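Q: Please take one part of this structure and look at it closely. I should like a connected account of how that part is put together, with each cut-off stated.

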Amino acid sequence: MAESPALGELVRTFDGRPARRRALTWLAAFGAAVVVLVPVAVAAFLTGRAWLGAPLTVIAMGCAAAAGWIAGWDTVWKRAQVVHLFTGGLIVTPSPRPNGASRDKPFARARHVRPAEGDAWAGEGSCGAGGGADAEAFGWDDLASVTVSGVQTRDGAPAPPGRATGSPRTGVPGAVGGTRWRFTVATSDGRMLRFGDELPGVRMLGETVAAEVTRRAVPRYLAAVKAGEAVRLGPFTVDLDGVEKDGQRLPWQAVREVGIDGGLLTVRGYGGYPDLTAIAGHMSDALPFTLLCDQIKEMLGLP
């Protein structure tokens, strides 16, 4: 298996370009159908052949609606994303930039890369012609946090090309009709990597990134708590005394369990203590938070 010198072995490539090509093809097809059908329908009505004009009008309206629906997909208007997953990190094309920044502005931790001849990710499944200069490498230590959000779809509702369904092992359950996933990854230099279901297999990509970030974040947070510091994770504050949110505090002795269910992150309390809740999809590091709480309770010898 091919390797990147800094990132290890190539695991898989997630290529959003085929989905974009399919979307553009369907958009062009439906648009062309409207252009052809409307004049024919008008001519049919003008010549007294309403029996022909009426169904052609209905078909044209359906094609126009389908074209408008496809035109609303982000896949159509944004440059297609390609992500190469390695054992030690990611290579992302196009490289992300901070809000308001230009491409030529230097980044503190930027590592722009160009595939070498013979690299497995240098061909059709990668950056494409001329794309290597816009690819950027991120090691796992370059990623600071992950936010997982899922939009449930109606059972049987069609999804755009490349849209993934199912529930990743991120604590957020899937819906009967499927879930459209988005993973927002904050880098240590303040940029955002956004991976959505325009990438086929985004479930596997998001799971891997979330697991690697969590594996590094939890020991860091736990060390800070052991040192007597208060750690802020989303709306929650964690320290050696307990968990706090919006002025409500649960001491560790009153924390029954911490988990994610139905899209909600909940800290459940014993007795008369209130539960503390937050929307998991609006909180970065939701998974590290749950594991951190479990490890603090274990450290304190609490059930």
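A: The account below follows helix 5, the two sheets on which it packs, and one residue, Thr-237.

The model is predicted: local features require a pLDDT of at least 70, side-chain atom pairs count only at pLDDT 80 or more, and totals for chains, interfaces and linings use all residues. Residues are numbered from 1 along each chain as its sequence is written, and side-chain values use heavy atoms, with hydrogens and water left out.

Helices and strands are DSSP runs numbered from the N terminus, a helix being H or I over at least four residues and a strand being E over at least two. Helix 5 comprises residues 286-299. Its 14 residues reach 20 Å from the first C-alpha to the last, which is close to the 20 Å expected at 1.5 Å a residue. That expected span is 1.5 Å times one less than the number of residues. Just after helix 5, Gly-301 adopts a positive phi of about 75 degrees.

The buried residues of helix 5 are Ala-286, Pro-288, Phe-289, Thr-290, Leu-292, Cys-293, Ile-296 and Lys-297. Buried denotes under 20% relative accessible area and exposed over 50%, with partly exposed in between, for a 1.4 Å probe and protein chains only. These buried residues pack against helix 4 (202-226) and against strand 10 (231-233), strand 11, strand 12 (242-245), strand 14 and strand 15. The contacts here are heavy atoms within 4.5 Å.

The sheet that includes strand 10, strand 11 and strand 12 may be taken next. Four strands form this open sheet, in the order 10-11-12-13, and their pairing is antiparallel. Strand 10 and strand 13 (248-251) are the edge strands, and each pairs on one side only. On average, neighbouring strands of the sheet are turned by 20 degrees against each other, direction ignored. Two strands count as paired if DSSP finds at least two bridges between them. Strand 12 and strand 13 run antiparallel and are joined by four bridges; Lys-245 stands opposite Gln-248 in strand 13.

Two helices can be placed against this sheet. Helix 4 lies across strand 10 and strand 11, and runs at about 140 degrees to strand 10. Helix 5 also packs on the sheet, where it touches strand 10, strand 11 and strand 12, and its direction makes about 25 degrees with that of strand 11. For such angles, axes are lines fitted to C-alpha atoms, for helices over the stretch in contact, and the values run from 0 to 180 degrees between N-to-C directions.

Within strand 11 (residues 236-239), Thr-237 merits a closer look. This residue has a relative accessible area of 19%, and is therefore classed as buried. Not counting residues up to four places away in sequence, Thr-237 touches Ala-230, Val-231, Arg-232, Gly-242, Val-243 and Glu-244. Of these, Arg-232 also meets Thr-237 in a polar contact between the two side chains, at 3.1 Å. A polar contact is a pair of N or O atoms within 3.5 Å; within protein, one atom must be able to donate a hydrogen and the other to accept it, and residues adjacent in sequence count only if both atoms are side-chain atoms.

Helix 5 also meets strands of a second sheet. Three strands form this open sheet, in the order 14-15-16, with antiparallel pairing. Strand 14 (255-261) and strand 16 (276-279) stand at its edges with a single partner strand each, so one side of each has no neighbour in the sheet. From one strand to the next, the twist averages 10 degrees.

Strand 14 pairs with strand 15 (residues 264-269) in the antiparallel sense over six bridges, and Val-255 stands opposite Gly-269 in strand 15. Helix 5 lies across strand 14 and strand 15, running at about 160 degrees to strand 14.

Taken together, helix 5 touches strand 10, strand 11 and strand 12 of the one sheet and lies across strand 14 and strand 15 of the other, while its buried residues also pack against helix 4.
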